[in-house]
Number of protein chains: 2
Amino acid sequence: MSVVSLGAGPSRVQARRAQTRRAVLDAAWALASGSGLEALSLRDIAASVGMRAPSLYSYFDSKAAILDALFVDGYRALDDQIAAVAASQPAKASPTRRLAALLQMWIGFCQDDQARYRLLFTNAVPGWVASAEAYQSSLDSYLRLCDYLAGAGITEADDIDLVTALAAGLVAQQMANDPGGDRWLRRVDDVVDMFVQHLRAHRKRATHLPEDRP
Amino acid sequence: MSVVSLGAGPSRVQARRAQTRRAVLDAAWALASGSGLEALSLRDIAASVGMRAPSLYSYFDSKAAILDALFVDGYRALDDQIAAVAASQPAKASPTRRLAALLQMWIGFCQDDQARYRLLFTNAVPGWVASAEAYQSSLDSYLRLCDYLAGAGITEADDIDLVTALAAGLVAQQMANDPGGDRWLRRVDDVVDMFVQHLRAHRKRATHLPEDRP
DNA sequence: GTCTATAGACGGATAGAC
DNA sequence: GTCTATCCGTCTATAGAC
């Protein structure tokens with residue numbers, strides 16, 4: 001097997017490197033989820049993959065680079081979830097159903113991993129901000145979100161801002177005051193109904209929001 | 001002056017202590033607002049009041065005790081703001097107006113001081129959680145909030161949870177994505193209208209929500 | 001690539017003189 | 001009460017041998 005090694009050269013070496021990088025990031029996720037994002041240290045990450053801290057610098061330039069990679073990881077996972085929700089919706093699903101499915105997923109996504117939630121959505125790491133390149137992946141995710149919302153008939157910037165605020169509020173309260181529970185999670189249908197009614201009442205011009213019952 | 005020193009004893013000494021404690025906390029607020037909450041160190045606080053770090057231990061048991069005191073400070077300030085908003089409302093103000101005034105104040109309160117926002121509403125300090133005594137002051141503040149909401153006809157737990165989620169969402173998005181601006185702040189009236197319409201539509205039983213125009 | 005050793009900085013907290 | 005001196009821990013990052 002592997003006839004591909006002609007001329008191309010170090011492809012197997014690169015694959016090995018990529019594997020190790022992946023293992024480092026996985027270990028970092030596990031540690032962050034377990035002991036908290038702010039307790040994440042290079043020493044612990046290295047130990048988790050059977051290394052010493054300095055060896056990590058063969059794979060990442062700095063701790064910030066690791067956090068960047070985790071950040072990209074996290075938004076990729078969110079992308080996948082949005083795609084999955086989109087795929088699970090029947091073609092004629094109502095805006096209400098689409099929105100409720102999205103918010104449900106979103107809150108679940110945050111509850112699944114508090115460390116990931118804090119990394120992606122709050123500025124929880126003291127000295128770190130996502131690099132421009134990493135930040136780009138969050139913008140990509142935002143575009144994918146907008147696509148999904150467009151499928152529910154929501155295209156205006158103001159409406160999108162309102163959806164993100166509703167989601168952020170439910171998530172923040174749920175995570176802060178009832179981490180494992182459903183005190184705000186179970187209000188999703190309520191909130192979506194409230195929002196959709198509001199849209200219908202204030203729809204100007206000919207913008208058409210599909211009816212819930214066609 | 002000061003005839004009061006008979007028998008009572010060390011009242012002037014205690015007053016001096018309280019003054020110094022106050023100065024320490026004020027310095028801590030200034031540093032946190034300037035350099036960020038997580039950069040707050042005992043050395044810097046002490047230097048700001050013309051001391052060295054160990055001297056602070058004459059006034060506070062630990063750094064956690066200082067954070068606790070700041071936490072209480074912050075909720076006291078929020079209490080004052082809620083009281084001020086309540087006092088500024090004419091007796092016959094509509095629920096819509098009352099809610100809008102509250103949310104406006106709330107967002108402004110958070111925008112006034114990012115460090116305070118992070119201390120009170122997010123778990124931004126790595127090793128610290130508010131002590132039970134300090135936490136009590138946040139519960140007091142919550143009760144005061146409930147009082148205010150009751151004045152707007154909102155008394156059911158589910159409705160209160162919805163209000164806090166709406167507020168938390170607007171605040172979180174505003175602070176994270178447009179810190180100094182008004183991208184979400186200016187949506188307060190919209191959100192309040194949405195919420196009030198929702199309440200009216202779903203009011204069960206004889207619960208009476210005052211009309212906006214009597 | 002991985003290691004040991006260490007630099008260099010920062011943090012909270014304590015001992016003990018004054 | 002305040003100080004100096006110091007302990008002890010944390011961390012990221014680098015130098016240089018192997």
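A residue is called buried when its relative accessible area is under 20%, and the legends below use the word in that sense for a predicted model.

**View 1. Helix H7 of chain B, a mostly covered helix.** By that cut-off, 17 of the 21 residues of H7(B) are buried. The helix runs over residues 157-177 of chain B, and because each residue should add 1.5 Å, its 21 residues should span 30 Å, a value with which the 30 Å between its end C-alpha atoms agrees.

**View 2. The rotation axis that relates chain B to chain A.** Two copies of a chain are related by a rotation about an axis together with a shift along that axis. In this predicted model, a turn of 180° and a shift of 0.1 Å along the axis lay chain B on chain A with an RMSD of 0.1 Å, which is the relation of a two-fold axis. The residue of chain B that comes closest to the rotation axis is Gly169(B), whose C-alpha atom lies at 1.6 Å. Both copies are served by the same surface, since 100% of the contact residues of chain B recur in chain A.

**View 3. The surroundings of Tyr148(A) in helix H6.** Tyr148(A) belongs to helix H6 of chain A, which comprises residues 132-151, and because its relative accessibility is 6%, Tyr148(A) counts as buried. When neighbours within four places in sequence are left aside, the residues in contact with Tyr148(A) are Ile82(A), Val85(A), Ala86(A), Gln89(A), Arg98(A), Ala101(A) and Leu102(A). Ile45(A), by comparison, is separated from Tyr148(A) by 103 residues in sequence and by 36 Å in space, taken from C-alpha to C-alpha.

**View 4. Chain A as the setting for the close-ups, with 8 helices and 0 strands.** Along the sequence, the elements of chain A follow the pattern α-α-α-α-α-α-α-α, and its C-alpha atoms fill a box of roughly 60 × 45 × 30 Å along the principal axes. Of the 214 residues in chain A, 44% are buried, and among contacts between residues at least 6 apart in sequence, 68% join residues at least 24 apart.

**View 5. The surface and the charged side chains of chain A.** The accessible surface of chain A comes to about 11,200 Å², and carbon and sulfur atoms account for 53% of that area. Chain A carries 23 positive and 24 negative side chains, with the centres of the two sets lying 4 Å apart.

Definitions and conventions:
Residues numbered from 1 in each chain as written. Chains lettered and ligands numbered in written order. Predicted model: local features only at pLDDT ≥ 70, side-chain atom pairs only at ≥ 80, totals over all residues. Heavy atoms only, no water. Helix = DSSP H or I, 4+ residues; strand = E, 2+ residues; numbered from the N terminus. Buried < 20%, exposed > 50% of the residue type's maximum accessible area, 1.4 Å probe, protein only. Contact = heavy atoms within 4.5 Å. Areas by Shrake-Rupley, 256 points an atom, 1.4 Å probe, with all protein chains shown as cover. Lys, Arg positive; Asp, Glu negative; His and termini not counted. Charge placed at Lys NZ, Arg CZ, Asp CG, Glu CD. Least-squares fit on C-alpha atoms with pLDDT ≥ 70 in both. Expected span 1.5 Å × (residues − 1).
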